[in-house]
Amino acid sequence: MTAPAVHAAGVGKVFPSTGGEVTALTGVDLDVAAGEFVSLIGPSGCGKSTLLRLIADLDTPSAGDLAIFGKAARQARIDQDYGIAFQQAGLLPWRTVAANIALPLELHRWSRARRDARVAELAELVGLSEFVGRYPDQLSGGMQQRVAIARSLAASPQLLLMDEPFGALDEMTRERLQTELARIAAETGAAVVFVTHSIPEAVFLSRPGRPRDEALRESPEYFTRVTAVREALHGAPLQRANER
Amino acid sequence: MTATRLPSWLRVAAPVAVGLLGLGAWFAYVASGSAPRMLPDPAAILGEGVQRFPLIVEAAAITGTNALVGLVAGTVLAVALAALAATWRPVDGMTAPLVAALAVVPIVAITPILNTMFGASSQFGRAAVAAIAAFVPVFVNTLRGLRQTRPVQRDLFRATAASGAQTFRLLTLPNALPYLLTGVRVAASLAVISALVAEYFGGPSDGIGTAIATYAKSGRAALAWAFVGGGIVIGLVFFLVTSLLERAVARRLGAGRPPA
């Protein structure tokens, strides 16, 4: 029996601030099974990004237990059990696309030959093979975000953490990247924790068991589920979109 | 009406024309006989410059070396201290007032003390003055550069389990490099001026500054001016080299890169 990708029990986070303490999260229970795609959805400021940052060990919880593949979050970070992508691509402008994708591999001292082979694979996966020699400022926002996704996949993690990665993109690019992400997640078998404030995005991505393609976007079932999630969200700050 | 770019021949010709006009006015002024005795005409200065060329080169080498040693030492010290200040808040708190104090000290004022302290045969006092002058702009700019790292980049490196040394080498330093080099460019001119002016206040009897002072006092105006020309050349070389370095790095780091 493998440990769940993410196991959170009673997780809370309180930020100290000058005007007293700010409570960002209380009593979060969450289980993400290996290979599962889970969206965290809710309005701005509801704590979904905070939860993702706790899972990534970018912040530490003030209460509760958090385990990533059965390990402490800190250990999981050090072992590189997850890959992460943010709303901003966060590319290093002085590095080419290839060198940006290779960054995590370089940090973990992969040999040059292995790195190059892996980068070629990843560039192919995100459809950027022709652009590996370019610099980030020569790419569109959507392409930069693809580089960031390729980078998050570099070390083949079994967990992907994504903090509104498509939040700053236009609707068309966004839909295309959603489809690609769904395909990539299925191909790699990685679990995904996906933060978004877009209900349609969450519904499209977190659809267990079925292929997610463009046809889905126009099916009546899709609209029903969007409505269901919208209704469920009223009064509930943080919900798993694929919970029945 | 749109602003049109000057044609390229005019962009070269215009400053040359202004320079020639200035030279002409200078010649006319000296020829009229109303110029002070210490202002010879350009031809006389050039003549002395050609005649004493090896002497001027020798003096320029000494002053230039002092400026270079000072610039390098000041830069190394400034970068090291800026790195410490950027890493540890307390160091920042300790160095900030010190640097502010250093910035307002008229460095030339302590030159006679340094020259006497290190003896009349040592170039050390002069190089030290250049180093102190170079330190401040490099420190201030580098410290600002080291703080340019964006939160998303820091998060990324932390999430990727990068070590402190890796984060510094692959993220913080490249972000700071353009700022550092701007500091070095500003410091280069200061180092040359300081090294040269330091020679007016004692120390060994060599270098461009010493020569200018000596020949000016003994009334050999053209020769003094020829040495001034040598000082200008040192300043130009320092400025050009550091500017090119700054530009090369800016290009390599992605700012203003031409489309591939």
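# A conversation about cores, strands and helices in a two-chain model

Modeller: In this predicted model, the largest nonpolar core has 71 residues, and the ones with the most contacts inside it are I55(A), I101(A), A150(A), L161(A), V192(A) and V193(A).

Biologist: Where does this core lie with respect to domain 1 and domain 2 of chain A?

Modeller: The core lies between them, because domain 1 (1-81 + 158-244) and domain 2 (90-156) of chain A both give residues to it. As a general point, nonpolar side chains tend to be buried together in soluble globular proteins.

Biologist: Which residues does V192(A) touch?

Modeller: Leaving out residues up to four places away in sequence, V192(A) touches F37(A), V38(A), L160(A), M162(A) and A185(A).

Biologist: What does the second, separate core include?

Modeller: That core has 57 residues, and A128(B), V136(B), V138(B) and A198(B) are among them.

Biologist: Back to the domains of chain A. How far apart are their C-alpha centres?

Modeller: The C-alpha centres of domain 1 and domain 2 of chain A lie 24 Å apart. Their contact takes eleven residues from domain 1 of chain A and twelve residues from domain 2 of chain A.

Biologist: Which helix gives the largest share on the domain 1 side?

Modeller: Helix α7 (residues 171-188) of chain A does, with five residues. By class, the side of domain 1 of chain A that touches domain 2 of chain A has eight nonpolar and three polar residues, and no charged ones.

Biologist: Now the strands. Is β3 of chain A mostly covered or mostly open?

Modeller: Strand β3 (residues 37-41) of chain A is mostly covered, with five of its five residues buried. On one side these are F37(A), S39(A) and I41(A), and on the other V38(A) and L40(A). This fits a general pattern: in a regular strand the side chains alternate between the two faces of the sheet.

Biologist: In which sense do β3(A) and β8 of chain A pair?

Modeller: β3(A) and strand β8 (residues 191-196) of chain A pair in the parallel sense, over five bridges. I41(A) has T196(A) as its bridge partner in β8(A).

Biologist: What is the order of the strands in the open sheet of chain A?

Modeller: The order of its four strands is β2-β1-β4-β5 (chain A), and the pairing is antiparallel. β2 (20-32) and β5 (71-72) of chain A are the edge strands, each pairing on one side only.

Biologist: How many bridges join β1 of chain A to β2(A)?

Modeller: Nine bridges join strand β1 (residues 6-17) of chain A to β2(A), and the two run antiparallel. P16(A) stands opposite E21(A) in β2(A).

Biologist: Let us turn to chain B. How many helices and strands does it have?

Modeller: Chain B has ten helices and zero strands. Its radius of gyration is 23 Å, well over the 18 Å that the globule rule gives for 260 residues, so chain B is more spread out than a compact globule. Its C-alpha atoms fill a box of roughly 75 × 60 × 30 Å along the principal axes. Buried residues make up 37% of the 260 residues in chain B.

Biologist: Which residues of helix α9 of chain B are buried?

Modeller: In helix α9 (residues 208-217) of chain B they are I208(B), G209(B), T210(B), A211(B), I212(B) and Y215(B). What covers them includes α3 (53-87), α8 and α10 (221-252) of chain B. Just after α9(B), G219(B) takes a positive phi of about 80°.

Biologist: And what is phi in E164(A), which is not a glycine?

Modeller: E164(A) has a positive phi of about 45°. In general, most residues other than glycine have a negative phi. E164(A) sits in the loop between β7 (159-163) and α7 of chain A. With 22 other C-beta atoms within 10 Å, E164(A) is buried.

Biologist: Where is A161(B) found?

Modeller: A161(B) is in the loop between α7 and α8 of chain B. Its phi is also positive, near 55°. A161(B) is partly exposed, with 17 other C-beta atoms within 10 Å.

Biologist: Last topic: how many residues does each chain give to the contact between chain B and chain A?

Modeller: The contact takes 17 residues from chain B and 18 residues from chain A. On the side of chain B, α7(B) gives the most, with six residues. The residues on that side divide into nine nonpolar, four polar and four charged.

Key. Residues numbered from 1 in each chain as written. Chains lettered and ligands numbered in written order. Predicted model: local features only at pLDDT ≥ 70, side-chain atom pairs only at ≥ 80, totals over all residues. Contact = placed C-beta atoms within 7 Å. Nonpolar A, V, L, I, M, F, W, Y, C, P; charged D, E, K, R; others polar. Buried ≥ 20, exposed ≤ 12 C-beta atoms within 10 Å, placed from the backbone. Rg over C-alpha atoms; globule rule 2.2 N^0.38 Å. Domains from an automatic or database assignment. Pairing = 2+ DSSP bridges. Core = buried A, V, L, I, M, F, W, Y, C linked by C-beta atoms within 7 Å.
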